[in-house]
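Good morning, colleagues. Please take a moment to look at the sequence and the model before I begin.

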2 protein chains.
Amino acid sequence: MTNNELFSQIDQHIDEHMDAYLAQLARLCEQPSVSAQGWGIEACADLVGTMLAEHGFASEVMPSGGHPVVYGEGGGRSQKTLLFYLHYDVQPPEPLDLWESPPFELTRRGDKFYARGVSDDKGHIIARLAAVSAVGHVLGELPCRVKWLIEGEEEIGSVHMPAFIAAHRHKLAADACVWEFGGVDFQGAPTLTLGMRGMCYVELSVQTASKDAHSGLGGSIFPNAAWRLAWAINTLKDSQERILIPGFYDDVVPPSARDMALLAALPDESAQIKQMFQLSGFLGGVTGGAALWRQAVFEPTCTICGLTAGYQGPGSKTVLPAQASAKIDFRLVPNQDPEDILAKLRAHLDAHGFGDVHVRYLGGGRPAKIDPDDPFVQLTAAAAAEVYGQPPVIEPIIGGSGPLYPFVDILKLPVVSAGIGYPGSNAHAPNENMDLHNFRQGIRHTARILMRFAEG
Amino acid sequence: MTNNELFSQIDQHIDEHMDAYLAQLARLCEQPSVSAQGWGIEACADLVGTMLAEHGFASEVMPSGGHPVVYGEGGGRSQKTLLFYLHYDVQPPEPLDLWESPPFELTRRGDKFYARGVSDDKGHIIARLAAVSAVGHVLGELPCRVKWLIEGEEEIGSVHMPAFIAAHRHKLAADACVWEFGGVDFQGAPTLTLGMRGMCYVELSVQTASKDAHSGLGGSIFPNAAWRLAWAINTLKDSQERILIPGFYDDVVPPSARDMALLAALPDESAQIKQMFQLSGFLGGVTGGAALWRQAVFEPTCTICGLTAGYQGPGSKTVLPAQASAKIDFRLVPNQDPEDILAKLRAHLDAHGFGDVHVRYLGGGRPAKIDPDDPFVQLTAAAAAEVYGQPPVIEPIIGGSGPLYPFVDILKLPVVSAGIGYPGSNAHAPNENMDLHNFRQGIRHTARILMRFAEG
């Protein structure tokens with residue numbers, strides 16, 4: 001059989017088994033696995049291990065120092081090994097009142113399927129399993145060795161992933177890696193992501209008294225935790241978005257000419273993004289094109305992800321809060337280092353008289369980039385062009401973060417993205433969803449990557 | 001009978017009926033009445049009206065434009081009329097996990113009784129009813145006319161009280177008023193409060209997008225509601241506690257020599273307050289005495305009562321919040337005006353580029369002070385000296401707020417405080433409570449005020 005005949009048979013097999021894949025997806029989405037809240041983690045890891053075993057892989061649930069890692073291995077007509085990196089954990093479903101259907105129940109409306117994690121990342125787990133299954137059925141066996149690394153802490157910064165990868169570098173040895181996400185952009189073009197920003201996620205907290213006080217009693221004479229927090233936060237970034245921590249920008253490497261050329265080739269999605277979030281404009285007055293892309297992905301950030309203090313219910317309560325806290329997410333660009341940023345943050349707060357502001361590191365990792373000339377990158381791009389009918393748009397780095405750097409630095413792997421995502425998926429937000437067409441295309445693309453990789 | 005014999009009989013009647021009073025208190029505390037959340041308000045107003053009727057008063061539940069007012073009237077051997085001002089609403093019970101017993105179930109531990117509102121202000125309602133009942137039983141009838149004004153919005157700024165009082169000034173006409181609170185200080189000395197700060201309570205809110213975004217997508221290019229709020233709040237007050245709104249201090253009248261003399265005569269409670277809240281010190285470096293009192297009661301404030309934005313659960317969530325809000329309580333001193341402060345706040349935010357920060361007025365009122373030489377004040381002090389065995393400490397103004405000014409400005413009444421409170425009552429905080437001994441003393445004091453007022 002020619003490759004084209006094989007691909008045709010694989011695509012047909014995929015089409016005929018969509019209902020089965022969706023049933024598997026429903027089964028996985030119904031199991032909560034909120035890493036931030038420790039909700040359903042062990043049960044979901046066990047379920048993923050079971051699913052790998054049901055697909056013929058030797059699977060094990062391994063300790064990581066945090067939430068367990070599901071490892072799987074199987075196949076092997078050639079000596080080559082492809083590693084699938086995925087995660088079974090999901091973002092918290094809150095705010096619950098904005099969901100139109102229960103977050104842990106896969107609900108179909110038209111060609112969209114709604115559930116927390118359906119896109120990020122359980123849909124990808126099922127899409128990889130579907131692709132591997134389709135290829136295996138058509139060929140009679142898998143054309144190469146396949147390994148699975150499915151972690152449970154991606155949504156809380158993959159804190160234990162670097163050490164886990166370092167400790168199991170031989171077990172995880174492979175020739176290439178397919179990342180946990182991928183999909184299409186606003187124009188329906190496939191995207192190929194070659195880098196990710198790093199992250200340093202912290203919680204700042206202040207306690208000024210043993211308990212809350214009546215604001216009439218304490219207002220003029222008691223320290224107020226919420227004010228301490230507000231003043232401390234205000235020293236971190238000015239209203240022109242300049243981060244004020246001394247040395248914060250020291251290690252930033254500006255984008256290369258090659259990076260800027262890739263950014264210039266990206267479609268301008270500014271109108272769609274503004275429409276989707278009902279934005280009046282972007283920060284700094286950028287309007288679109290390479291300038292917007294550069295700011296979106298090659299600038300480090302300091303984002304307040306959450307604030308909490310005192311009374312937050314309806315109406316008024318005259319209370320002086322004894323405790324206040326903020327969750328803050330620094331996105332890092334090459335070659336910033338989260339440990340270095342953490343130390344500089346602490347020193348900055350101390351220097352401004354905020355020794356009372358406690359800093360708790362909640363996770364993070366270094367930024368990383370992949371060589372666009374790697375053969376595995378080229379192979380993935382060619383496969384995308386076949387499935388989607390157009391060449392992929394190539395992002396030298398994206399705004400998001402993930403544990404890419406240990407795959408690059410320790411396992412020395414080329415890493416590509418491919419998947420089921422689309423811009424309306426509401427990842428990390430209420431009504432997370434996936435689109436049936438994109439799900440099918442993501443499965444087909446993954447199957448082609450596997451085939452081309454094995455023969456290459 | 002001499003007055004002393006009468007007082008002795010009244011005190012004996014009170015002692016013999018303590019269990020009945022506590023049963024009434026349990027009945028009232030079991031009815032939630034959280035004004036900020038609109039929880040149980042109508043039912044509690046009806047219950048209070050019923051209780052007044054059960055004590056022989058003509059009662060009615062009257063519309064106020066907000067939560068209803070319970071009015072009662074009865075008695076009348078003399079032409080003189082004493083008005084009791086009270087409130088049936090309570091603060092929200094949150095945070096619930098810090099309560100050691102259910103907040104809406106009166107629970108006895110030793111000589112302490114725990115429930116939301118048991119001190120502020122349901123214990124005072126029951127104490128007034130108990131005093132009136134004891135006097136009426138011993139004398140055979142009430143020695144003067146008694147009116148009751150029991151509102152349901154005190155904990156949310158008594159928004160409708162000034163207009164209600166103005167509209168019903170003839171119905172509410174009286175010769176003197178007993179305020180809704182009172183009690184003893186850290187030394188067990190009775191306190192007499194002759195003034196209250198005003199208040200301007202606002203909610204600041206910002207919306208920067210139609211929905212939350214992934215912080216990896218939006219961090220560098222989307223406006224962040226939490227950052228807008230933090231920057232806006234930071235312009236309101238500096239870390240030296242100086243309020244930065246132009247004109248904020250314009251109408252402040254400094255304390256008079258008489259005020260300062262009263263403050264100098266107050267006991268130094270700095271050590272007890274620091275111990276109770278585990279404070280390392282007071283703002284501005286004041287340590288105690290008249291300087292601390294002056295700062296606590298004659299300085300206006302800007303207190304953050306609550307902050308809310310984005311993800312506030314355990315662990316991390318990489319979200320960029322589209323909405324953020326803060327609850328802020330300005331305590332005002334003579335002669336500041338809440339409407340004037342509100343206008344200045346709006347102008348200040350606009351001038352700093354925070355036109356996107358919405359300001360919602362949640363309630364407030366003007367400050368007010370009573371003449372310490374009024375005969376009703378002297379009578380109350382003398383009655384306190386008899387009951388408590390020592391003269392009261394006289395506070396020319398306190399840090400808290402309440403709708404005192406329409407009683408002074410419209411009804412032209414002298415107003416005194418007397419009651420069951422003590423510094424460990426945890427008003428507005430978890431585990432609100434009252435002490436049995438202070439409850440009994442508050443009833444006795446109220447009874448003596450009624451007797452002396454009627455004969456005076």
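I shall speak about the two chains, the domains and one sheet.

First, the conventions. This is a predicted model, in which local features need pLDDT of at least 70 and side-chain atom pairs count only at pLDDT 80 or more, while totals for chains, interfaces and linings use all residues. Residues are numbered from 1 along each chain as its sequence is written, and chains are lettered from A and ligands numbered from 1 in the order in which they are written.

Let me begin with the relation between the copies. Chain A is superposed on chain B by a rotation of 180 degrees with 0.0 Å of shift along its axis, at an RMSD of 0.1 Å; the fit is by least squares on the C-alpha atoms of residues with pLDDT of at least 70 in both copies. The two copies are therefore related as by a two-fold rotation axis. Both use the same surface, since 99% of the contact residues of chain A recur in chain B.

How many residues of each chain are in contact? There are 73 in chain A and 72 in chain B, where contact requires C-beta atoms, placed from the backbone, within 7 Å. On the side of chain A that touches chain B, strand S12 (residues 303-310) of chain A gives the largest share, eight residues. Strands here are DSSP runs of E with at least two residues, numbered from the N terminus.

Which residue of chain A comes closest to the rotation axis? Thr308(A) does, with its C-alpha at 2.5 Å. The bridge partner of Thr308(A) in S12(B) is Thr308(B). S12(A) and S12(B) pair in the antiparallel sense over five bridges; pairing requires that DSSP finds at least two bridges between two strands.

I turn now to the domains within chain A. An automatic or database assignment sets the bounds, giving domain 1 (3-194 + 370-455) and domain 2 (198-365). Their C-alpha centres lie 30 Å apart. Domain 1 of chain A gives 20 residues to the contact and domain 2 of chain A gives 18. On the domain 1 side, strand S17 (393-395) and strand S18 (398-401) of chain A each give two or more residues.

Finally, the sheet in chain B. Its three strands form an open, mixed sheet in the order S8-S9-S17. S8 (183-184) and S17 (393-395) of chain B each have a single partner strand, so one side of each is left without a neighbour in the sheet. S9 (residues 190-193) of chain B runs parallel to S17(B), joined by three bridges; among the partners, Thr191(B) is matched with Val393(B).

How values were computed:
Helices (H or I, at least four residues) and strands (E, at least two) are DSSP runs, numbered from the N terminus. Two residues are in contact if their C-beta atoms, placed from the backbone, lie within 7 Å.
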